[in-house]
Amino acid sequence: MQPLLSVHNVTVTYRSSDRPEIRALEDVTFEVAAGEAVGLLGESGCGKTTLALTLLKSLPQAARVLRGSVIFRGTDLLTLEESGVQKVRGAGISMVHQEPGLALNPVIRVGDQVSEVLRAHQTMTAARAKEEARSLLLQVGFAADSRVWDAYPHQLSGGQQQRVAIAQAIACRPPLVIADEPTTALDVAAQIEILALLKSLKEKLQMAVLIITHETWPLTQFVDRVLVMYAGRIVEEGPARRVLEQPLHPYTCGLLRSRPMGPHKRLLEPIPGEPPDPANLPAGCAFSPRCSDVMNVCHNRAPQYFSPEASHHVACFKYAE
Amino acid sequence: MQSDSPQSREAVLCCTRLSKRYTQGGWLSKNRREVQALKDVSLSVRTGSTLALIGESGSGKSTLARCLTCLEQPDSGEIWFAGRNVAALTHRERVAFQRQIQIVFQEPAASLNPRLNALEIVSEPLLIAGESKKQRHERALYLMHLVGLPDDSPKRLPSEFSGGQRRRLAIARALTLEPSILILDESLSGLDPSIQAQISNLLTGLQETYHLTYICISHDLDLVAHLADEIAVLHQGQIVKLVPAPIDLADLHDEFMGRLQRAEKASSFGAGLP
């Protein structure tokens, strides 16, 4: 069966006047099947957000796609004209951003912002759009008698704002929703609430979800498959349980070990060093300077993918036959 | 007024029935109303231990921390430090008391002066305290080394450090006056897991070496369970639960989820609306 989204060898660079070109993504390849929940795990600066923006073809001016393709339902988005991509954004692939406060328009009432999405993609009367938007707000957990419709974004809490952003994202029933760190800006209670909402919507609407995060716990909630990214490359990919419980790549192992586990183990085990500067990546495997299992070959060339077990791939020479 | 501390001798800092109200809106505003930020909060922190404050945003965590450090004057209630009532201190004693409590703020990029270099940032509190230049610089260099900043740090500006290094810089500055209590206001949030673990280990190490007391405000349940000796759960200005170590995460999770569901049933939407 053809996957819903198939990303192949995408390589993106950023240019700037005073620094050498920065390689943000390097040969990123993965697929998302219809109705599947995929988690993308990585630390800041590893290219997570660049990847999300590439999928929507809304990269900033300074970015350049060197090669690769993003095939969504049989069409390569990277070769589409802007008008064609606009039809996909929101209706085919929609996005929930990290900061709901910045994603919503501060001077438009919440209800109008949700119905605006509907009218942009479908021909419908204002009254019909209003009705639809009301039912969307119900779906994301607002009470029927709530006054949210007439509220401005600043009158809502962070969690409520994120619910509105999710209502916008699911308005046109897109087959794929990208959630870029949807819980990072929220407090604990709201984080739990938003993840539960995304999970129930995914099941109810049968949509595929790509959750981008730098924390592991959101991934344990409902994700089927996990991609781990380091310095612009996907270094490990596999079923969520396998990757989170028995990770293969030394980076994934380090990332999981650095989280506190259980009360009062006095010291944590962080990965030594800091993530590399993307303008100045080390030769060979980008993780080699921080890796505890480093071998000679790691300094010479970047590892290809090995598959020690079915559907679990890892870019590390440790697993070379 | 009571003559001695109501809490045990071990407690370095404690407060009894602390209340604080804020007025929202200007005095001519139509929507002027009062918000009860803290309501009868009593707690105590033992020397060398870590107390964590958790709760939703707006539950009073930061107000409590600000009251305990005298940055905010509580409406009622008492604060005791090392067996003495803070309200009864003379001016000179109060200055000494405030040196004992330092805050590491949430976002160091916003709390460090962007035009001072690292050396000036770390030594500035000593300048205010009137120490000589040589002493200031010696202490600052020692602290920067202690928190693990690289050797070329002193001349660099805050913007030239990575996120993790900026946290280290903020911690060094907070330690300059040799405080006994550090308030960590979301000091570990917004960091990547591996860097967060490095800073967390740094804080644990400093606590053991210098017998520091931490009051830690955080949203990260796992991290809080790891660091804290006691957790106070705040809700609408009140402590609804005090959990001593060892902390059972599942228990805390239930507490949060339960409250959430109750809130949803009551359908209290509109609390934030005018």
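The buried residues of helix α6 of chain A pack against β6 (93-96), α3 (100-103), α4 (110-121), α5 (126-139), β7 (176-180) and α7 (188-205) of chain A. Buried here is a matter of counting: 20 or more other C-beta atoms within 10 Å of a residue's own, with 12 or fewer making it exposed, anything in between partly exposed, and C-beta atoms placed from the backbone. Helices (H or I, at least four residues) and strands (E, at least two) are DSSP runs, numbered from the N terminus.

A quick word on the source: this is a predicted model, where local features need pLDDT of at least 70, side-chain atom pairs count only at pLDDT 80 or more, and totals for chains, interfaces and linings use all residues. Residues are numbered from 1 along each chain as its sequence is written, while chains are lettered from A and ligands numbered from 1 in the order in which they are written.

Back to α6(A). Twelve of its 13 residues are buried, so the helix is largely enclosed by the rest of the structure. Among the buried ones are Gly159(A), Arg163(A), Val164(A) and Ile170(A). Its length checks out too: at 1.5 Å a residue, residues 158-170 should span 18 Å, and the end C-alpha atoms are indeed 18 Å apart. That expected span is 1.5 Å times one less than the number of residues.

Two of α6(A)'s neighbours, β6(A) and β7(A), also meet each other. They pair in the parallel sense over four bridges, and Ile93(A) has Leu176(A) in β7(A) as its bridge partner. Strands count as paired if DSSP finds at least two bridges between them. Both belong to an open sheet of eight strands with mixed pairing, in the order β6-β7-β8-β3-β9-β10-β12-β11 of chain A. At its edges sit β6 and β11 (306-309), each pairing on one side only.

Leu176(A) turns up again in the largest nonpolar core, which has 157 residues; Leu176(A), Val228(A), Ile215(B) and Val224(B) have the most contacts inside it. Such a core is a set of buried Ala, Val, Leu, Ile, Met, Phe, Trp, Tyr and Cys residues joined through C-beta atoms within 7 Å. Helix α7(A) gives the most to this core, with eight residues.

Chain A is assigned domain 1 (5-92 + 172-319) and domain 2 (100-171), with bounds from an automatic or database domain assignment. Their C-alpha centres lie 29 Å apart.

Here is who touches whom, where contact means C-beta atoms, placed from the backbone, within 7 Å:

| One side | Other side |
|---|---|
| domain 1 of chain A, 14 residues | domain 2 of chain A, 15 residues |
| chain B, 31 residues | chain A, 32 residues |

On the domain 1 side, the largest share, six residues, comes from α7(A). On the chain B side, the largest share, eight residues, comes from α7(B).

Chain B itself has nine helices and ten strands, and 41% of its 274 residues count as buried. Leaving aside neighbours within four places in sequence, Ile215(B) is in contact with Val45(B), Leu51(B), Leu53(B), Ala65(B), Leu68(B), Ile181(B) and Ile183(B).

Then there is Ile128(B), in helix α4 (residues 118-128) of chain B. This residue is exposed, with 9 other C-beta atoms within 10 Å. Ile128(B) and Ser19(B) are 109 residues apart in sequence and 32 Å apart in space, C-alpha to C-alpha.
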